[in-house]
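Dear colleague,

I am passing on the structure we spoke about, with the sequence alongside it. My notes on what I found follow below, and I would be glad if you read them against the coordinates.

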Amino acid sequence: MGLDSGYGIGSIKPGVCTSSTRPASPYVGQTIFETDTNRMKVYLANGWSDGTLHNRAVPLEYMVVAGGGGGGAGHGGGGGAGGYRTGTLSSSAGTYTVTVGAGGAGGGYSSSTQTSGSNSVFGSITSSGGGRAAAQNSPGITAAQSGGSGGGGSSTTSGVYAGAAGNAGGFTPPEGYAGGSPDAAQWPGAGGGGSGGVGTYTGTNGGGGPGTSNSITGTAVTYAAGGNGSAPTGTIGSAGGANTGNGGGGSRETNGAAGGSGIVVVRYLTADANGWTITGGTKTTSGSYTIHTFNSSSSLVIA
């Protein structure tokens, strides 16, 4: 005959139950652990407490893409892509700040200078805004700037303005790559750097550096591509696109295009979050994952 005397020998384990099989006559201070909710509760004078015991942190996969840089006007280069970072961190209860960086403005042919994109942030993870392109627009010659990816260079008969560097920052792979640099004999702008490679220059136009495909949302999407440089015919560069982190395209004799805003996406195995309440962003599921997508600044709250 087995010993089931309440000392944990045999089939009875004191204090272990489910939310529907709690002790019928609890006493103040009695502690239980509910196996179906992962909650440890204490009986108080007015009933059971709502405490939670987590037996592990939730591993969070993240993708943080910054805003892309603006394209230049007047033989303008393409804007650099916003910095692109992915990885996994071990979470704990708390509030994680989420900042979604804006895309940089495109350069005005006779009125304004293109700007770099803004940083995106998830907790302790920061991706750098894409660098603005070089241009030789009417307000004056402007150099390309470095950033997550560097802005593309510009060239006229008066000189060559090189593309800028991407941010290696000790990251492997880096956040992004350098913008292209034109040669002295040609007028088109060079392409901005992308998260997947450097911007290019062919002598007739500049190609933006490639972006990076990521399926963290459940669907493969390419993020953080560099903007194309201006072509000799003066075609208008394309805008980076909302929540892509793409750089804006350059133009020869029209306004440069704006860079795309960034995006932050966090996902985790739904089973790993048992006992946690996690809110923030647009919450969806795909297969065994729960996904939080942030198209604007907010917070991820874990409780």
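Of the 303 residues of the protein chain, 47% count as buried; please bear in mind throughout that this is a predicted model. The protein chain exposes about 12,800 Å², and carbon and sulfur atoms supply 53% of that area. The radius of gyration of the protein chain is 27 Å, whereas a compact globule of 303 residues would have one near 19 Å, and the C-alpha trace spans about 100 × 35 × 30 Å along its principal axes. The chain has 20 strands and zero helices. Among its contacts with a separation of 6 or more, 51% are made by residues 24 or more positions apart.

The interior comes next. The largest nonpolar core has 19 residues, and those with the most contacts inside it are L60, F122, V264 and L300. At least two residues of this core come from each of the strands β5 (59-65), β7 (94-99), β16 (263-269) and β20 (298-302). Another core, of 10 residues, lies apart from it and includes M63, I216, I263 and I291. If you would like one residue from which to explore the largest core, I suggest L300: leaving aside its neighbours within four places in sequence, L300 is in contact with L60, G94, T95, Y96, V98, F122, V266, I278, T279, H292 and F294.

A polar detail also deserves a look. S120 lies in strand β8, which covers residues 120-122, and S120 is buried, with a relative accessible area of 0%. A polar atom of the S120 side chain lies 2.8 Å from the backbone oxygen of V65, so that this buried serine, at 0% relative accessible area, has a polar contact with the main chain of V65.

Turning to the sheets, four strands form an open sheet in the order β1-β2-β3-β4, with mixed pairing. The edges are taken by β1 (16-17) and β4 (47-48), and because each has a single partner strand, one side of each is left without a neighbour in the sheet. Within this sheet, strand β2 (residues 31-34) and strand β3 (residues 39-44) run antiparallel and are joined by four bridges, with T31 standing opposite V42 in β3.

G15 belongs to the segment before β1 and counts as partly exposed, at 29% relative accessibility. Apart from neighbours within four places in sequence, G15 is in contact with T31, I32 and F33. The C-alpha atoms of G15 and H292 are separated by 36 Å, and the two residues are 277 residues apart along the chain.

H292 falls within strand β19 (residues 289-294), which pairs with strand β18 (residues 282-286) in the antiparallel sense over five bridges. In that pairing S286 stands opposite Y289 in β19. The hairpin of β18 and β19 has two residues between the strands, and G287 takes a positive phi there, near 60°.

Finally, there are some backbone features that I would ask you to inspect. Most residues other than glycine have a negative phi, and most peptide bonds are trans. Against that background, which residues other than glycine take a positive phi near 55°? One is H75, with phi near 55°, which lies in the loop between β5 and β6 (84-90) and is buried, with a relative accessible area of 11%. Another is A224, whose phi is also near 55°; A224 is found in the loop between β15 (221-223) and β16, and at 0% relative accessibility A224 counts as buried. The peptide bond from T172 to P173 is cis, with omega near -5°, and P173 sits in the loop between β13 (159-161) and β14 (212-214).

In going through the model, you might take the surroundings of L300 in the largest core and the contact between S120 and V65 before the backbone at H75, A224 and P173.

With best wishes

Technical notes
Residues are numbered from 1 along each chain as its sequence is written. This is a predicted model: local features need pLDDT of at least 70, side-chain atom pairs count only at pLDDT 80 or more; totals for chains, interfaces and linings use all residues. Side-chain values use heavy atoms; hydrogens and water are left out. A nonpolar core is a set of buried Ala, Val, Leu, Ile, Met, Phe, Trp, Tyr and Cys residues joined through side-chain atoms within 4.5 Å. Buried means under 20% relative accessible area, exposed over 50%, partly exposed in between (1.4 Å probe, protein chains only). Contact means heavy atoms within 4.5 Å. Two strands pair if DSSP finds at least two bridges between them. The radius of gyration is taken over C-alpha atoms; the globule rule is 2.2 Å times the number of residues to the power 0.38. Accessible areas come from the Shrake-Rupley method with a 1.4 Å probe; for residues, only the protein chains shown count as cover. A polar contact is a pair of N or O atoms within 3.5 Å; within protein, one must be able to donate a hydrogen and the other to accept it, and residues adjacent in sequence count only if both atoms are side-chain atoms.
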